[in-house]
Amino acid sequence: MQHTALTPVFVGLRTGLHGLFVALTALVIVRAVVAPTDSEIAVISLALVLLGTYGAGGVAARATSRLRAAGVVWLTALTIEWVVLLWLTPDAAYLVFPLFFLYLHVVGSWWGTIAIIVSTAIAICALGIHGEWTVGGIVGPIVGAAVALLIGLGYQALAREAQQREVLMQELLATRGQLAATEREAGVLAERARLAREIHDTVAQGLSSIQMLLHAAERADGERPGIEHIRLARETAAAGLADTRRFIRELTPPDLDDRGLGSALRRLASTQWAARGLPVDVRVSDAVELPMHVQTALLRIAQGAIANVIQHADAYSAMITLTIGDDRVEFTIADDGRGFDPSLVAAVPGAKSDSFGLQATRERVDQLGGTLTVSSAPGTGTSLTIELTLREAA
């Protein structure tokens with residue numbers, strides 16, 4: 001039997017049934033010894049055989065894992081021995097009560113009920129034959145049969161409910177395990193996507209700047225060729241190293257620690273972006289009152305967008321604008337480059353590795369609960385507008 005919350009109840013009921021059968025059989029033996037008759041030896045012997053049969057059936061039931069055919073044979077033998085013992089002494093009529101429960105347990109509700117009715121009739125007839133027909137001799141077995149029937153059927157209903165609860169509990173535990181695994185997997189995927197966006201917007205763009213600066217240094221003429229480009233490349237590498245270490249420590253972006261979004265964007269405009277030949281007009285106040293995670297997201301969006309402008313747009317200039325209204329934020333990055341058709345990029349996602357920047361931007365905006373609008377056409381430049389509601393972004 002599977003262990004459930006009701007297992008102690010079932011064990012207690014079965015133990016009580018076994019104890020009742022043994023006690024009533026012992027009562028028959030004691031009565032035969034105290035009030036000897038001509039059939040005293042036969043009664044005692046048959047009672048002991050009845051106990052042995054009952055005990056053997058209990059041991060066999062545990063060893064054979066509930067073979068119903070074997071249980072029916074055992075119960076039939078037990079019933080025959082009881083009828084013979086009842087023929088010898090009316091005291092055996094008390095044994096019919098534990099037999100009621102055995103009938104219901106071994107052969108089921110329908111056949112068990114029929115067996116209870118038949119055994120009740122046998123007990124009443126035996127009491128009448130051995131003595132006088134009395135009201136107690138008739139009503140007693142009937143009441144006992146009714147009580148046993150109600151208890152037995154209730155026991156079976158309780159066992160079925162316990163089994164159903166056990167199945168539901170196993171399903172619940174399995175579902176909880178699957179949910180936990182799904183949540184872990186979703187967390188891993190989200191963290192991978194976050195790291196991919198961070199690396200793309202910082203380290204990857206820094207490495208791209210270093211590569212372009214070193215190419216410029218190689219092409220430079222003079223006694224000290226490209227020294228300014230080499231210095232900027234070294235500074236960019238240092239900034240990329242700092243960002244990488246920050247990823248490991250999972251700290252707030254160092255660009256925003258003390259200076260805020262506007263100052264961080266102007267520093268990038270005067271160093272990395274200017275060194276790569278793109279003037280960027282930053283129209284963002286130094287005293288921006290936005291949550292730190294919102295400023296971080298806007299900074300990364302600007303880094304990725306300007307990197308795409310430098311690599312693909314052939315732009316002469318770019319502008320970054322931040323407007324804060326009543327509970328709303330509008331962040332715009334515009335350039336005067338050659339532009340592109342946004343529908344073509346959306347139709348072939350992932351076709352080029354460089355399109356990851358726009359995908360990362362969309363993911364960041366979605367996490368903030370905002371909207372991203374890309375306005376561009378060939379030859380007209382590009383404008384990225386992010387609109388946020390501060391309550392949702394918080």
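This is a short tour of a predicted model, moving from one helix to a sheet and then to the helices and loops around that sheet.

**Stop 1: helix 4**

Start by selecting residues 96-107, which form helix 4. This helix has 12 residues and reaches 16 Å from its first C-alpha to its last, close to the 16 Å expected at 1.5 Å a residue. Is it mostly covered or mostly open? Mostly covered: 10 of its 12 residues are buried. Colour a few of the buried ones, including Phe100, Phe101, Tyr103 and Val107. Then step just past the end of the helix to glycine 108, where phi is positive, at about 95°.

**Stop 2: the sheet**

Now show the strands of the open sheet. How many strands does it have, and in what order? There are 5, in the order 1-2-3-5-4, with mixed pairing. Select strand 1 (280-283) and strand 4 (371-376): these stand at the edges with a single partner strand each, so one side of each has no neighbour in the sheet. Turn the view and look along the sheet for its twist, which averages 10° from one strand to the next.

Walk across the sheet, pair by pair. Strand 1 and strand 2 run parallel and are joined by 4 bridges. Click on arginine 283 and look for its bridge partner in strand 2, threonine 321. Next door, strand 2 and strand 3 run antiparallel, with 7 bridges joining them. Here isoleucine 324 stands opposite valine 329 in strand 3. Move on to strand 3 (residues 328-335) and strand 5 (residues 382-389), which pair in the antiparallel sense over 8 bridges. Which residue of strand 5 stands opposite glutamate 330? Another glutamate, number 387.

While you have the side chains switched on, here's a handy rule: in a regular strand they alternate between the two faces of the sheet.

**Stop 3: helix 8**

Select residues 260-275 to bring up helix 8. It has 16 residues and reaches 22 Å from its first C-alpha to its last, close to the 22 Å expected at 1.5 Å a residue. Follow the helix along and you'll meet a bend of about 40° at alanine 269. That alanine is buried, and so are Leu265, Leu268 and Trp273, among others. Which strands does helix 8 lie across? Strand 1, strand 2 and strand 3, and it runs at about 170° to strand 1. Just after the helix, pick out glycine 277, which takes a positive phi of about 90°.

**Stop 4: helix 9**

Add residues 292-313, which make up helix 9. Helix 9 lies across strand 1, strand 2, strand 3 and strand 5, and runs at about 15° to strand 3. Trace the chain from strand 1 through helix 9 to strand 2: together they make a left-handed β-α-β unit.

**Stop 5: two aspartates**

Most residues other than glycine have a negative phi. Your last two picks go the other way. Aspartate 314 has a positive phi of about 50°, and you'll find it in the loop between helix 9 and strand 2. With a relative accessibility of 53%, aspartate 314 counts as exposed, because the cut-off for that is over 50%.

Finish at aspartate 327, in the loop between strand 2 and strand 3. The hairpin these strands form has 3 residues between them. Aspartate 327 has a positive phi too, of about 65°. How exposed is it? Partly, with a relative accessible area of 23%.

Terms used. Residues are numbered from 1 along each chain as its sequence is written. This is a predicted model: local features need pLDDT of at least 70, side-chain atom pairs count only at pLDDT 80 or more; totals for chains, interfaces and linings use all residues. Side-chain values use heavy atoms; hydrogens and water are left out. The expected span of a helix is 1.5 Å times one less than its number of residues. The bend at a residue is the angle between axes fitted to the seven residues ending there and the seven starting there. Buried means under 20% relative accessible area, exposed over 50%, partly exposed in between (1.4 Å probe, protein chains only). Two strands pair if DSSP finds at least two bridges between them. Axes are lines fitted to C-alpha atoms, for helices over the stretch in contact, and angles run from 0 to 180 degrees between N-to-C directions. Contact means heavy atoms within 4.5 Å. A crossover is right-handed if, with the strands pointing away from the viewer, the path from the first strand over the helix to the second runs clockwise.
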